[in-house]
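Biologist: Before we use any descriptive words for this protein, could you show it to me, so that we can ask of each word what earns it?

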Amino acid sequence: MQTLLLAGWLLFSWPGHAGTPELSSVSAQTAAYSKQLGLALLGDVAALPEPPAQAKDLHAEAHELLLGRAPETTVHAYEQRLRVFCSRLDLSESQRQAVFERLRGRLRGSALPGSTALEKSRLDGGKSKVLGDKALAMSEALGRTRFEAVAVADAPPPHGDPAALAPGAPRQAGLRINAVPPAGTQPAAPIPLEELETWMEFGPPPKTAGSALAGIGLGPRQDPAVVLSKQAIMHLQSTPEGREVIQELQREYAKSGRKVVIRAVDVEGSAVVQRRGIEGIDGIRGLAYYNEGIYEFNRKFLEFKDKDVAMETLCGNMSHELRHLVSHAQIKRLLPDSHEVFKKSLLDEQRARLSGYLVAARLNSGKATDYSEEAKDLARKPGQYWDGLKRGPYYVDSLEADEMRDPVQAYTDRLAVIQTLIDRLSKSIAGLPKLGAKLQIMEDKEGLKARLTELRSQYDGQAASDPERLKRYEAQLAKVKSLRDRLMSPQGEELLKRFQAAADDPEFRRLQQAMVRDEKALIELLAGKPLPVLKPTPGQLDWDEFNECVERSRRDHPAFWSDFRARFSEP
């Protein structure tokens with residue numbers, strides 16, 4: 001007998017000689033069908049012939065297992081049934097193991113929730129719940145094969161319940177780790193706004209309104225921020241990735257009676273700016289508060305001049321932040337012991353970014369946006385992009401799996417990185433008055449105001465956001481230092497062990513694999529739908545050209561610069 005170990009679970013030992021299924025008592029015809037059935041369960045066969053008489057019971061049992069219609073009342077008894085079933089399939093050991101893994105997660109009756117005594121046993125808690133939830137997480141991560149989708153769609157309702165398998169009836173939530181809908185699943189339909197409003201709260205009223213919503217017929221009593229958020233969540237659902245994240249959000253929140261709040265807020269130190277022809281926000285676009293189920297987006301979206309760019313950028317951000325809410329809800333529910341580590345994993349941000357970029361890329365109407373440029377950067381050099389992200393100020397406390405083996409060293413290295421960022425930003429802030437004075441001279445005395453509107457926008461945005469950005473950098477420095485010190489202390493011993501265990505944890509490997517699949521999906525999408533090539537705005541200077549103009553002005557018109565020299569003590 002040979003013992004197999006997968007994903008941290010001791011699964012089972014196959015009967016008979018290792019690698020040799022016990023099929024001597026069945027016909028060659030039945031053996032051939034059992035192989036076809038096994039491959040269909042793994043997704044390698046699109047359709048099956050009519051089963052021979054000797055295999056009809058095997059075919060029927062496969063359907064019952066897929067539907068979760070099990071008479072067993074304990075996880076252990078259900079596994080025993082699965083072992084016998086898998087041993088009848090004319091497959092290799094690794095293939096049987098994969099079938100077992102896929103079917104094991106159906107023990108909760110995923111297509112027919114609550115239809116079995118075993119489901120009740122799982123929900124009652126204890127060991128059955130732990131084992132059941134982990135099995136479900138693994139099975140859901142694999143997605144559904146075409147064979148399973150057909151089996152579920154064609155199944156008659158259980159116990160005379162005609163609504164149990166109604167088209168589009170949501171399944172109970174599982175660990176869905178893809179931004180892209182899993183292969184073989186039916187496209188989800190957009191959830192109507194009226195239904196969303198039963199479990200989503202849009203508000204509160206904004207303090208200001210801008211031009212991004214001009215021309216869409218708002219009445220005087222309507223709230224522009226609420227209207228924008230409702231329009232965005234429906235536009236978001238015009239993409240498969242957008243529908244996927246909203247459907248998952250519904251499963252995690254609405255089905256458990258929780259509300260999701262979506263609202264616009266003022267973000268201190270942010271501004272709408274023009275960079276190289278792109279209208280965007282300098283500062284935080286949006287934030288997710290996963291403990292409270294809240295998504296807040298920057299009210300500056302209301303101030304965009306281009307409402308198409310405002311909508312596409314907001315939809316990308318909405319998909320990103322709502323993916324955070326989904327991810328944390330799923331991890332807390334299914335892998336609660338891993339949530340503390342997941343919060344410090346770069347995977348959290350990687351999953352969210354890919355979700356946002358996929359949505360924004362699909363919605364792009366031909367204009368360059370912050371999201372289109374970032375998506376291109378990621379698709380061009382993924383490894384370089386992710387490395388830069390974790391070494392930036394906002395995710396400097398986020399670790400990749402390999403770094404979790406020695407998080408103390410990783411955070412020690414990051415402290416040096418963020419200190420460099422703080423020093424660089426502090427120097428930039430100190431130079432802002434001088435740069436502002438140069439802009440003023442070139443606008444007023446050299447008559448270049450019309451050619452400096454983009455640089456002025458960038459400067460004003462930087463002057464508003466950099467002081468707040470520096471505060472966040474310094475807070476991150478203190479946060480990383482505190483986390484590093486905690487891991488070095490007796491109080492952090494348990495967390496240290498969790499980090500080290502996560503480095504080789506099968507669940508985190510699955511998350512990583514799913515992220516790579518989403519990354520590949522983005523690359524393929526952009527290969528088929530090239531995003532706009534960034535073009536400088538005609539007539540606008542860039543910073544290099546501006547500096548050349550400054551040098552020429554100081555040489556040709558020194559009188560323009562007399563007050564500047566005196567103010568900044570220059571000769």
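Modeller: Let us begin with how an angle is taken: axes are lines fitted to C-alpha atoms, for helices over the stretch in contact, and angles run from 0 to 180 degrees between N-to-C directions. Please keep in mind that this is a predicted model. With that in hand, helix H17 (residues 432-444) and helix H21 (residues 543-556) have axes that come within 11 Å and cross at roughly 70°.

Biologist: What makes H17 roughly perpendicular to H21?

Modeller: Angles of 65 to 115 degrees count as roughly perpendicular, and the axes of H17 and H21 cross at roughly 70°, so H17 is called roughly perpendicular to H21. The contact joins Leu435, Lys438, Leu439 and Met442 of H17 to Trp543, Phe546, Cys549, Val550 and Ser553 of H21, and these residues divide into 7 nonpolar, 1 polar and 1 charged.

Biologist: Why are H10 and H11 called oblique to each other?

Modeller: Helix H10 (residues 240-252) and H11 cross at roughly 40°, with axes that come within 9 Å. Angles under 35 degrees count as roughly parallel and 65 to 115 as roughly perpendicular, and an angle of roughly 40° belongs to neither group, therefore H10 and H11 are oblique to each other. Their crossing is left-handed. In the contact, residues of H10 including Glu244, Val245 and Ile246 meet residues of H11 including Ser319, Leu322 and Arg323, and the contact as a whole divides into 7 nonpolar, 2 polar and 5 charged residues.

Biologist: And what makes H13 oblique to H15?

Modeller: Helix H13 (residues 346-363) and helix H15 (residues 382-390) pack at an angle of about 125°, their axes 11 Å apart. Roughly perpendicular covers 65 to 115 degrees and roughly antiparallel begins over 145, so the angle of about 125° makes H13 oblique to H15. H13 passes H15 in a right-handed crossing, and the residues in contact include Glu349 and Arg353 of H13 and Leu389 of H15.

Biologist: Which residues are the closest to the centre of the largest pocket?

Modeller: That pocket has a volume of about 1900 Å³, and of the 47 residues that line the pocket, the closest to its centre are Glu349, Arg353, Leu389, Tyr394 and Tyr395. H13 and H15 are among the elements that each supply at least two residues of the lining, while H18 gives the most, with 6 residues. The lining divides into 15 nonpolar, 12 polar and 20 charged residues.

Key. Residues are numbered from 1 along each chain as its sequence is written. This is a predicted model: local features need pLDDT of at least 70, side-chain atom pairs count only at pLDDT 80 or more; totals for chains, interfaces and linings use all residues. Side-chain values use heavy atoms; hydrogens and water are left out. Helices (H or I, at least four residues) and strands (E, at least two) are DSSP runs, numbered from the N terminus. A crossing is left-handed if the near helix is turned anticlockwise from the far one by less than a right angle, and right-handed if clockwise. Contact means heavy atoms within 4.5 Å. On a 1 Å grid over the protein atoms alone, a cavity is a set of points where a 1.4 Å probe fits but cannot get out, and a pocket is an open set with protein on both sides within 12 Å along at least five of seven lines; lining residues have an atom within 4 Å of a point. Grid points are joined across faces, edges and corners, and a volume is the space filled by probe spheres set on the points. Ala, Val, Leu, Ile, Met, Phe, Trp, Tyr, Cys and Pro count as nonpolar, Asp, Glu, Lys and Arg as charged, and the others, Gly among them, as polar.
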